[in-house]
Amino acid sequence: MDEATQAFLEKLLSDSSFRNWAKNSNENDVAFWNTWIKDNPDKIDVVYNAKDIVLGIAFQPHGVDETHINKELDAVLGQIQKRAQARDGKPVIQLSKTVKRVASLAAVGLILMLVALNFPRTSDEIVHKTGFGEVINLKLPDGTSVVLNGNSEIRYGKKNTRDVTLKGEAYFKVKPQNETRAKFWVNTEDLRVEVYGTQFHVNTRDSKTDVTLDEGSINLLLKNGIAKKMLPGEYVSYSNVDKVVLHEGAEKPNTYLWREGTYVFNNISLKEVMKHLGHTYGLPAEFMDKTLEGKTLTGGIPNENLKICLSAIEKTTGTRIVQQDNKLIIYNDQ
Amino acid sequence: MVVQNRTKTTTIQPEKVIWHLFIGGDLHAFSTLFKGYYAMLHNYGYKISANLNLTEDCLQDFFIYLFENRRNLGEVHNIKAYLFVSFRRAIFKSLKRERRFTDLEGTPEALSKFEFSPEEIAMEQELVSARKEVLAEILNGLSKREREVVYLKYYSDLKTKEISEVMGISYQSVLNTLQKAFVKLRNSVETQVIRQILQR
């Protein structure tokens, strides 16, 4: 390939309108390039070669099993610890605490399950409870998966594992029972969610229950007796204290989402952000400079780890957040 | 992440924050990186070596090395490309060590496998409507360098510039290799299609 051809190929590959033509994804671009090709027949080989490169090959990568990754990680962390000890005679890093948290969140679930299994006669109920800042992934007996955020609790009877009670915050992926079409229920102080098989988020903080539906459809039975059907993308907030629906409909104006261990903030004030962290980690926030409360944030932060979470917030808002006496104190850092 | 403060807008990448904490010795951040990149590097190492044990041992040693030498890693601008570059080097080193006794002549690069199996090719292809088996066979007919470029671009989703860093060749070479690979692919596919039509 001569230099001029290569330069031309490079130009085509970096042109978004060309890529649209190759993928047949924009009418204007398709029309433009079809005409262009007609007018430049000498370039046809390069154009089609570039098209092939844009379309490429679709692969189906082999995944690596998560339990295997966790096992390998444990082995690596063990090695790091052992070698640090051999070198310095003592562990340089506080590993015991870290390893415990790192050693797969599933382990926490396992311990809780073991606790529940060890006292079969005392209760017919199974309870999973997370501490502050602890997130666990649960698989219920029926195959439904639940991600339980920090400072939350889920309980269900052994006889009916598809009827659960939630305090705090959780994300549900309910497995449909195609043969029996059995329903799944989530109960909170404010309402009852009736589900067949779908994905949704429930948050019971601040004496109200928020439900956001991602997929499928669900019915809500509010404690005031009213039933509501929800569609994907909709969000309902109901408080049984005031017996009022605080919000219902498609868009939450300034939203915060929590999915798979990540907080997603959409134009939300720092005050609100800190309130969510307060619930999850049990650390209330104190603003040294009240003007900081109104700063807004947009983006995603992982919430499994407070340090990473705070560091991300500090860097984006130009603040300094210090943990002191079980409080998070926010200073201006600019 | 974007913060809007009246007129001011700043953007930072959470991954940079995680990397920064890792350099500081934070094991949570290290674990996040490990979990985030393990599968990708595992795939790549196995592609090169075609040896699962060697790949997994090498990956463990690689991550331990990263942690222990985190202060000497220098400035890292692109985490993904950096990990691919250094892991590639590590895997070739262990390949060399392993094959020292059996093959004194060949360079480890020459001994790398880089073969595609039909299972790792997606059913839906925009480029051609060839069967997975046929496409795998055609891909395996490319040169090793072409296969690695195709792999890094479409399997690992690296940008052309990142591929040049990983493979230690110039940007122009990557482009050139890609271009040649697709000319060959196109020809093979057409030959295959004609053969299929004639067989009917």
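How much area do chain A and chain B bury between them? In this predicted model, the two chains bury about 5,200 Å² between them, and 64% of that area lies on carbon and sulfur atoms. The contact involves 51 residues of chain A and 59 residues of chain B.

Charged and polar partners also meet here. Two salt bridges are found across the interface of chain A and chain B. A helpful example to look for in the structure pairs R186(B) with D52(A), where the closest N and O atoms are 2.7 Å apart. This pair counts as a salt bridge because a side-chain nitrogen of Lys or Arg has to be within 4 Å of a carboxyl oxygen of Asp or Glu. Polar contacts join twelve residue pairs across the interface, with both residues of each pair at pLDDT 80 or more.

Which elements of chain A give two or more residues to the side that touches chain B? They are the helices α1 (3–13), α4 (44–55), α5 (66–88), α6 (95–102) and α9 (306–317), together with strand β18 (296–302). The most is given by α5(A), with twelve residues. Sorted by class, this side of chain A holds 23 nonpolar, 19 polar and nine charged residues.

Turning to the sheets of chain A, it helps to recall that strands of a sheet pair through backbone hydrogen bonds, either parallel or antiparallel. One open sheet has seven strands in the order β1-β4-β5-β7-β8-β11-β12 (chain A), and its pairing is mixed. At its edges stand β1 (125–129) and β12 (227–230) of chain A; each has a single partner strand, so one side of each is left without a neighbour in the sheet. On average, neighbouring strands of this sheet are turned by 20° against each other, direction ignored. Within the sheet, β4 (residues 153–157) and β5 (residues 163–167) of chain A run antiparallel and are joined by four bridges. To follow this pairing by eye, one can start at E153(A), whose bridge partner in β5(A) is K167(A).

A second open sheet has three strands in the order β17-β20-β19 (chain A), again with mixed pairing. Its edge strands, β17 (285–287) and β19 (319–324) of chain A, each pair on one side only. Here the average turn between neighbouring strands is 25°, direction ignored. Over three bridges, β17(A) pairs in the parallel sense with strand β20 (residues 327–332) of chain A. One place to see this is E286(A), which has I329(A) as its bridge partner in β20(A).

Helices accompany this three-stranded sheet. Helix α8 (residues 270–281) of chain A lies across β17, β19 and β20 of chain A and runs at about 155° to β17(A). Helix α9(A) packs on the sheet as well, touching β19 and β20 of chain A, and its direction makes about 150° with that of β19(A). As noted above, α9 of chain A also gives residues to the side that touches chain B.

Methods: Residues are numbered from 1 along each chain as its sequence is written. Chains are lettered from A and ligands numbered from 1 in the order in which they are written. This is a predicted model: local features need pLDDT of at least 70, side-chain atom pairs count only at pLDDT 80 or more; totals for chains, interfaces and linings use all residues. Side-chain values use heavy atoms; hydrogens and water are left out. Contact means heavy atoms within 4.5 Å. Buried area is the accessible area (1.4 Å probe) that two parts lose on being put together, summed over both. A polar contact is a pair of N or O atoms within 3.5 Å; within protein, one must be able to donate a hydrogen and the other to accept it, and residues adjacent in sequence count only if both atoms are side-chain atoms. Ala, Val, Leu, Ile, Met, Phe, Trp, Tyr, Cys and Pro count as nonpolar, Asp, Glu, Lys and Arg as charged, and the others, Gly among them, as polar. Two strands pair if DSSP finds at least two bridges between them. Axes are lines fitted to C-alpha atoms, for helices over the stretch in contact, and angles run from 0 to 180 degrees between N-to-C directions.
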